[in-house]
Amino acid sequence: MQILSQISSPFTLPLRHGNRSGTLGFSTSRSRLKRENIWRSGGEKSTFILYYFEFLCFAAIINFETNMFKVVPSVSLFIDSRGDLNHMAKRNRKTAVVSAVQEGISATGALRKRKVVEHICLVKAKEELSEEHEKNMLDFLYTTQYQMRGIVSMSLGRICDQNPEQCTHAIFMRFQTKEDLAKFYENPFYTKVLKEHVMPYCHGFINLDYESEVEDDILPIFRKGEEFNYGIELMLLIEFSRSSLGGRAEEAITSLANLTMEFPSLIVQATKGANMNTDNVEYTHGVVVRFRSVEAFKIFMSSSEYNTIWESKFQPIIRKALCVHFSVDPVGKELM
C-alpha cells in the first residue's frame, strides 16, 4: 500500500467550483498530522485536512455552498472531466475518482490489483420459516467468519426481489486463495452450522465461486470502512451459451465491469469471474456489485448505459440469468 508519506513529490490537480479555481495539492508527512491550505481564490481560502493512522484515512473538506466542513472517509474527491468539484450525491454524472492518498498506485501510475476468490451461496428457505429461526440461521452463518481462517469478508441478508429460482436469502464470502475456499467447504464447523442451523429450514442451495481482482489495498480487499457498512449487495449469476464462452461471453462481462467503474458515486466495488465450482455447472459466470444505497442501485439498474449493454451484449448469448439483491446494514442489526 502506498500512503501519503511514500509519495516522493507533491501532487497537484487543477480544480474549479463554479467561478472559483484553484489547485488541489498534497505533500508528505509520516509522523504528524498534515494540514494544508490548498484552495485559494480571490483572497478566500479553505482548508483540506488529512488524518491518517495506519490504514484508516479521513479527510475534511469545506462545502462552498454552506461554508461547513464535512468529514469524508476514504479520502476521495470526485472531479469531473473539466475539473469541477462534484458532490457524491450527484446523479448520473460520470466522474473520475482522485484519491488524496493514492493507495494501490504503483510507481508507474498503474493500479495494483490483488486476486481474491468470491463465494456466492443462495438459499431457498421453506415457507414456514419463522422470524426467530431466520435470525438464528443468519446469525450462525455470519459468525462463521470469526470461527474459520481464510474468510476476509462476508455479507448476507434476505433477498429483496422475487426470482425464478425462488431463492430467499443470499450469502457472500471472500477468500484470499482457492486453497482457503477448498478448506472452507471441508471445515467441520461450517458443515455443522449447515446441518444444525440451515438445512432444517431450507430445501435447496445454489453455490457459485469465481476468482477476481480488487484494488491491492487493505480497505478494498477486506471491504472495510464506512462505505462498506451500508448499501445494496447485487448478485448476478449467468449461464452463457457454450459457443460464446472464451469470446463474446468474456467481452460482455468485461463491458459490464468497465461500466461499473464509470459510476464511483453509485458503486463501491464490483467483481466478476467464471464459475469454478465443479458441483454447480448450471451457471457459468458470477458478478457481485456493492452499491452505496438503494437509490444508487435503482439509478444504475435503470440507466440507459446498463440496459444498452445488457440488451446488446448479454441477451443474445445467455441461456438464463439470476439477479438478486439484499440490503446491507452495519454489524449489530438483525440482518447483515
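Biologist: What span does helix α6 reach from its first C-alpha to its last, and how does that compare with the span expected at 1.5 Å a residue?

Modeller: In this predicted model, helix α6 covers residues 248–261, which is 14 residues, and its end-to-end reach of 20 Å is close to the 20 Å expected at 1.5 Å a residue.

Biologist: Which residues of α6 are called buried, and what makes them so?

Modeller: The word applies to a residue with under 20% relative accessible area, and in α6 the residues that meet it are A249, A252, I253, S255, L256, A257, L259 and T260. These buried residues pack against the strands β14 (231–240), β15 (267–274) and β16 (285–291), and also against the helices α7 (294–301) and α8 (304–314).

Biologist: How do you know that β10 and β12 pair?

Modeller: Two strands count as paired if at least two bridges are found between them, and β10 (residues 113–125) and β12 (residues 169–175) have seven, in the antiparallel sense, so they are a pair. Within β12, H169 stands opposite V123.

Biologist: Why are β11 and β13 said to stand at the edges of their sheet?

Modeller: The open sheet has four strands in the order β11-β12-β10-β13, with antiparallel pairing. Because β11 (151–158) and β13 (202–215) each have a single partner strand, one side of each is left without a neighbour in the sheet. Neighbouring strands here are turned by 15° against each other on average, direction ignored.

Biologist: Which helices lie across strands of this sheet?

Modeller: Helix α1 (residues 131–142) lies across β11, β12 and β13, running at about 170° to β11, while helix α3 (residues 178–186) lies across β10, β11, β12 and β13, at about 25° to β10.

Terms used:
Residues are numbered from 1 along each chain as its sequence is written. This is a predicted model: local features need pLDDT of at least 70, side-chain atom pairs count only at pLDDT 80 or more; totals for chains, interfaces and linings use all residues. Side-chain values use heavy atoms; hydrogens and water are left out. Helices (H or I, at least four residues) and strands (E, at least two) are DSSP runs, numbered from the N terminus. The expected span of a helix is 1.5 Å times one less than its number of residues. Buried means under 20% relative accessible area, exposed over 50%, partly exposed in between (1.4 Å probe, protein chains only). Contact means heavy atoms within 4.5 Å. Axes are lines fitted to C-alpha atoms, for helices over the stretch in contact, and angles run from 0 to 180 degrees between N-to-C directions.
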